[in-house]
Amino acid sequence: MIPQVVAVRIARPGRRPISLWIPVLLVAVVLAPLLILLGLVAIVACLVFRVDVARALAAGWSIVMALPGTEVDIEHGRTAVLVTIR
């Protein structure tokens, strides 16, 4: 399943936690021109380094499909950031 939402929660001592929900599809639509350009650059890089383009695309798609359920928890000092991909 493709990731739907990225939830970010920032906890700071003495302050209310900040929570952000970022819809992945909306961000992808807004950044579509850059994503197309990035895709073309990736294909050229595959050709330059003699990597099979189809296998590289399949590997990238597999990584994207494995993202839902991923949680990244970062703590620095007394500040904590939790990123959840759903």
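The following exercises, each with a worked solution, concern a predicted model of one protein chain.

**Exercise 1. Overall form**

Determine how many helices and strands the chain has, and in which pattern they follow one another.

Solution.
Step 1. The chain holds three helices and four strands.
Step 2. Along the sequence, these elements give the pattern β-β-α-α-α-β-β.

**Exercise 2. Dimensions and burial**

Compare the radius of gyration of the chain with that of a compact globule of 86 residues, and state what percentage of the residues count as buried.

Solution.
Step 1. For a compact globule of 86 residues, a radius of gyration near 12 Å would apply, whereas the chain has 17 Å.
Step 2. The C-alpha trace spans about 55 × 25 × 20 Å along the principal axes of the chain.
Step 3. A residue is buried if its relative accessible area is under 20%. In this chain, 8% of the 86 residues count as buried.
Step 4. The accessible surface is about 6900 Å², and carbon and sulfur atoms account for 72% of it.
Step 5. Among contacts with a separation of 6 or more, 44% are between residues 24 or more positions apart.

**Exercise 3. Partners of strand β1**

Identify in which sense β1 pairs with β2 and in which sense β1 runs relative to β4.

Solution.
Step 1. Strand β1 covers residues 5–11 and pairs with β2 over six bridges, in the antiparallel sense. One residue pair shows this pairing: R9 has S19 in β2 as its bridge partner.
Step 2. Between β1 and β2 lies a hairpin with six residues between the strands, in which G14 takes a positive phi near 80°.
Step 3. Strand β4, residues 79–85, is also antiparallel to β1, and six bridges join the two. Here A11 stands opposite A80 of β4.

**Exercise 4. Two residues in contrast**

Decide whether T84 is buried or exposed, and decide the same for R50.

Solution.
Step 1. T84 lies in strand β4.
Step 2. The relative accessibility of T84 is 12%. The cut-off for a buried residue is under 20%, so T84 counts as buried.
Step 3. Leaving aside residues up to four places away in sequence, T84 touches V5, V6, A7, T70 and E71.
Step 4. R50 is located in the loop between α2 and α3.
Step 5. R50 has a relative accessibility of 80%. Exposed residues are those over 50%, so R50 counts as exposed.
Step 6. The phi of R50 is near 55°, a positive value in a residue other than glycine. Most residues other than glycine have a negative phi.
Step 7. R50 and A28 are 22 residues apart along the chain, and their C-alpha atoms are separated by 28 Å.

**Exercise 5. The nonpolar patch**

Find which residues make the nonpolar surface patch and which element gives the largest share of it.

Solution.
Step 1. The patch has an area of about 1100 Å² and is made by I18, L20, I22, L26, V27, V30, L31, L34, L35, L37, L38 and V41.
Step 2. Two or more of these residues come from each of β2 (18–23), α1 (24–30) and α2 (32–48).
Step 3. Helix α2 gives the largest share, five residues.
Step 4. L38 serves as an example: L38 belongs to the patch and is found in helix α2. With a relative accessible area of 54%, L38 is above the 50% cut-off for exposed residues; therefore L38 is exposed.

Note on methods. Residues are numbered from 1 along each chain as its sequence is written. This is a predicted model: local features need pLDDT of at least 70, side-chain atom pairs count only at pLDDT 80 or more; totals for chains, interfaces and linings use all residues. Side-chain values use heavy atoms; hydrogens and water are left out. Patches are made of residues with over 30% relative accessible area and no salt bridge: like charges are joined within 9 Å, nonpolar side chains (Val, Leu, Ile, Met, Phe, Trp, Tyr) within 5 Å. Accessible areas come from the Shrake-Rupley method with a 1.4 Å probe; for residues, only the protein chains shown count as cover. A salt bridge is a side-chain nitrogen of Lys or Arg within 4 Å of a carboxyl oxygen of Asp or Glu. Buried means under 20% relative accessible area, exposed over 50%, partly exposed in between (1.4 Å probe, protein chains only). The radius of gyration is taken over C-alpha atoms; the globule rule is 2.2 Å times the number of residues to the power 0.38. Contact means heavy atoms within 4.5 Å. Two strands pair if DSSP finds at least two bridges between them.
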